[in-house]
Amino acid sequence: AVITMDRALVWTDSRYWLQAEAELEAGWELQRSGSIDVPSVSDFVGKEFADGKVVAIDARVTSAKLASTLVEALNKFGGGQLECWQENPIDLIWGDQ
């Protein structure tokens with residue numbers, strides 16, 4: 001999932017499209033991986049967080065391969081910054097919600 005200041009998106013492949021449509025709460029955008037015109041997570045992040053914006057990830061649950069792919073995409077699309085946190089960034093931002 002990717003959370004921005006004004007969007008919440010989740011990517012899944014075709015095996016889970018129906019389940020995701022049924023279970024995602026209002027406000028979430030389903031990104032159907034493999035569909036035409038649906039960017040990969042890394043391409044979306046690279047474009048959305050270009051120009052020096054910061055992307056925070058939970059390093060405890062993010063693979064090194066995904067982190068590397070995100071860094072490559074950020075560099076490709078304009079140089080955003082990836083920060084690897086040892087906590088869930090969403091929990092820190094949303095607190096007790």
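**Exercise 1: Two helices that cross**

Find the handedness of the crossing of H2 and H3 in this predicted model, and say how the two helices are oriented.

*Solution.*
Step 1. Look at the crossing itself: for H2 and H3 it is right-handed.
Step 2. Recall how such a pair is described. Two packed helices are characterised by the angle between their axes and by the distance between those axes.
Step 3. Now fill in the values. Helix H2 covers residues 41-48 and helix H3 covers residues 64-77; they pack at an angle of about 40°, and their axes are 8 Å apart.
Step 4. Angles under 35 degrees count as roughly parallel, and 65 to 115 as roughly perpendicular. The angle of about 40° fits neither range, so H2 and H3 are oblique to each other.

**Exercise 2: Who meets whom?**

List the residues through which H2 and H3 touch, and sort the contact by class.

*Solution.*
Step 1. Start on the H2 side, where you will find Ser-42, Asp-43, Val-45, Gly-46 and Lys-47.
Step 2. Across from them, H3 contributes Thr-69, Leu-70, Ala-73, Leu-74, Lys-76 and Phe-77.
Step 3. Sorting the residues of this contact gives five nonpolar, three polar and three charged.

**Exercise 3: Reading the sheet**

Work out the strand order of the sheet, and explain why S1 and S3 stand at its edges.

*Solution.*
Step 1. Three strands make up an open sheet, in the order S1-S2-S3, with mixed pairing.
Step 2. Strand S1 (2-3) and strand S3 (28-32) each have a single partner strand, so one side of each lacks a neighbour in the sheet.
Step 3. Zoom in on one pair: S2, residues 8-12, runs parallel to S3, and five bridges join them.
Step 4. Pick out one bridge as an example: Trp-11 has Gln-31 in S3 as its partner.

**Exercise 4: Two residues in the sheet**

Decide for Thr-12 and for Arg-32 whether each is buried, partly exposed or exposed, and then look for their contacts.

*Solution.*
Step 1. Thr-12 lies in strand S2, while Arg-32 lies in strand S3.
Step 2. Buried means under 20% relative accessible area. Thr-12 has 14%, so Thr-12 is buried.
Step 3. Arg-32 has a relative accessible area of 29%, so Arg-32 is partly exposed.
Step 4. Set aside neighbours within four places in sequence. Arg-32 then touches Thr-12, Trp-17, Glu-21 and Val-38, and the contacts of Thr-12 are Trp-17, Ala-20, Leu-30, Gln-31, Arg-32 and Ser-33.
Step 5. Finish with a distance: Arg-32 and Val-61 are 29 residues apart along the chain, and their C-alpha atoms are separated by 22 Å.

Notes. Residues numbered from 1 in each chain as written. Predicted model: local features only at pLDDT ≥ 70, side-chain atom pairs only at ≥ 80, totals over all residues. Heavy atoms only, no water. Pairing = 2+ DSSP bridges. Helix = DSSP H or I, 4+ residues; strand = E, 2+ residues; numbered from the N terminus. Axes fitted to C-alpha atoms, helices over the stretch in contact; angles between N-to-C directions. Parallel < 35°, antiparallel > 145°, perpendicular 65-115°, else oblique. Left-handed = near helix turned anticlockwise from the far one by under 90°. Contact = heavy atoms within 4.5 Å. Nonpolar A, V, L, I, M, F, W, Y, C, P; charged D, E, K, R; others polar. Buried < 20%, exposed > 50% of the residue type's maximum accessible area, 1.4 Å probe, protein only.
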